[in-house]
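Trainee: I should be grateful for a close look at one part of this model, namely the surroundings of the ligand. Please describe that part step by step, and then add whatever else deserves attention.

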Amino acid sequence: MKIAFIGLGNMGGPMAQNLARAGHEVTGFDTATVSLQGITTATSATEAVAGAEVVITMLPNGDILRRVADEAIPAMAAGAVFLDCSTVDVDSARAVAEKASAAGLLPLDAPVSGGVGGAQGGTLTFMVGGDEQGFEKAKPLFDIMGQKAVHCGASGNGQAAKICNNMILGITMIGTCEAFALADKLGLDRQAMFDVVSTSSGSSWSMNTYCPAPGVGPKSPADNDYKPGFAADLMLKDLRLAQDAASSADADTPLGAAAMALYATFVEGEDGAGRDFSAMLPRFEKRGHDKG
Ligand code: NAD
């Protein structure tokens, strides 16, 4: 397939390379100077998308996606797939999909989970919004870049699934870290805490698979000095998107709001920037009774 890939950063670069390695003809564009083996570099988004059957975007946010889409859509061939894999707000995803559909394209919003490791290893999970025809056309590409693609319904639903999942993840990680810090103060050994909770009703992915306590449970960023992994900054981004969506849909999400406020304090007011999102545990460990 002839594929254009716009946004060749930490995630987009390896995803584009996996497609090229699988034999697809990939032309890439990024505003930064990026040169990747196997990818032909274009000098603009318009140049990259000319004649492409599928255009993939992997960009930082919804505003940039809207700008790139405004440039790319008029230059795309009718019937082509516009596949956005970035994590963006639901409103931007739906607005871009509407424009793409009006231009005779097949839009899909397909944010991912799995991080940079998943992008490199081709083991991402895609949560996909858009119609069936586009999903079927993009399916072989999801199979190369990932291990699973779930069709979640109409345009915007991929982003909805992603932010709902990550809102749960942020909340459970905070809960798990709070509980470890409390257990410490109560004199409960961390290994015993893990052994009980990971096999009891307090278990979760945050505890069982990504345990925030170093030396306990399976290997996780806690065992690597909290180097990400999944950065607290990106968790904050996703929690903000969840709160934006909650206010535009009038949904009641008090714990999502509290998680967002806590990650904002951690990343913007403390030492959380650039650390894994599970570094909430050393943050709680340090806190005395007088602080929030
Ligand atoms: P990144 O900053 O490494 O990459 C984004 C790329 O987009 C950069 O190379 C940048 O130069 C390029 N770009 C910016 N504006 C552009 C434009 N107008 N035209 C073309 N290129 C442009 O970010 P990333 O980590 O690759 O993340 C990309 C997306 O994936 C984000 O939406 C992020 O939330 C999401 N995501 C990231 C992770 C992760 O672990 N890094 C995990 C899941 C989802």
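**The surroundings of the ligand**

Mentor: In this predicted model, the ligand is surrounded by 22 residues, and the closest are Asn 10, Met 11, Asp 30, Leu 59 and Lys 237. Sorted by class, this shell consists of 12 nonpolar, 7 polar and 3 charged residues.

Let us take the polar contacts in turn. Leu 59 takes part through its backbone: one of its backbone N or O atoms lies 2.8 Å from an oxygen atom of the ligand. Thr 87 also takes part through the backbone, with a polar backbone atom 3.0 Å from an oxygen atom of the ligand. Lys 237, by contrast, uses its side chain, in which an N or O atom is 2.8 Å from an oxygen atom of the ligand. On its own, the ligand has 840 Å² of accessible area, and the protein covers 82% of this.

As to location, the ligand sits in the largest pocket. Three elements give two or more residues each to the shell around the ligand: helix H3 (62-72), helix H5 (115-121) and helix H10 (232-249).

The loop between helix H9 (205-208) and H10 also deserves a careful look, and Gly 229 has its place there. A cis peptide bond, with omega of about 15°, joins Pro 228 and Gly 229. Asp 225 is placed in the loop between H9 and H10 as well. The phi of Asp 225 is near 55°, a positive value in a residue other than glycine. These two features are worth noting because most residues other than glycine have a negative phi, and most peptide bonds are trans.

Finally, the pocket should be distinguished from the enclosed space in the protein. The count comes to 1 cavity of 30 Å³ or more, and the largest cavity holds about 60 Å³ of space. Strand E5 (81-84), helix H4 (90-102) and strand E6 (106-109) are the elements that give two or more residues to the lining of this cavity. The lining is formed by Leu 65, Phe 82, Asp 84, Ala 93, Val 96, Ala 97, Pro 107, Leu 108 and Asp 109. By class, the lining of the largest cavity has 7 nonpolar and 2 charged residues, with no polar ones. The shell around the ligand, on the other hand, includes 7 polar residues.

Methods. Residues are numbered from 1 along each chain as its sequence is written. This is a predicted model: local features need pLDDT of at least 70, side-chain atom pairs count only at pLDDT 80 or more; totals for chains, interfaces and linings use all residues. Side-chain values use heavy atoms; hydrogens and water are left out. On a 1 Å grid over the protein atoms alone, a cavity is a set of points where a 1.4 Å probe fits but cannot get out, and a pocket is an open set with protein on both sides within 12 Å along at least five of seven lines; lining residues have an atom within 4 Å of a point. Grid points are joined across faces, edges and corners, and a volume is the space filled by probe spheres set on the points. Helices (H or I, at least four residues) and strands (E, at least two) are DSSP runs, numbered from the N terminus. Ala, Val, Leu, Ile, Met, Phe, Trp, Tyr, Cys and Pro count as nonpolar, Asp, Glu, Lys and Arg as charged, and the others, Gly among them, as polar. A residue is near a molecule or strand if one of its heavy atoms lies within 4 Å of it. A polar contact is a pair of N or O atoms within 3.5 Å; within protein, one must be able to donate a hydrogen and the other to accept it, and residues adjacent in sequence count only if both atoms are side-chain atoms. Accessible areas come from the Shrake-Rupley method with a 1.4 Å probe; for residues, only the protein chains shown count as cover. A molecule sits in a cavity or pocket if more than half of its atoms lie within 2 Å of its grid points.
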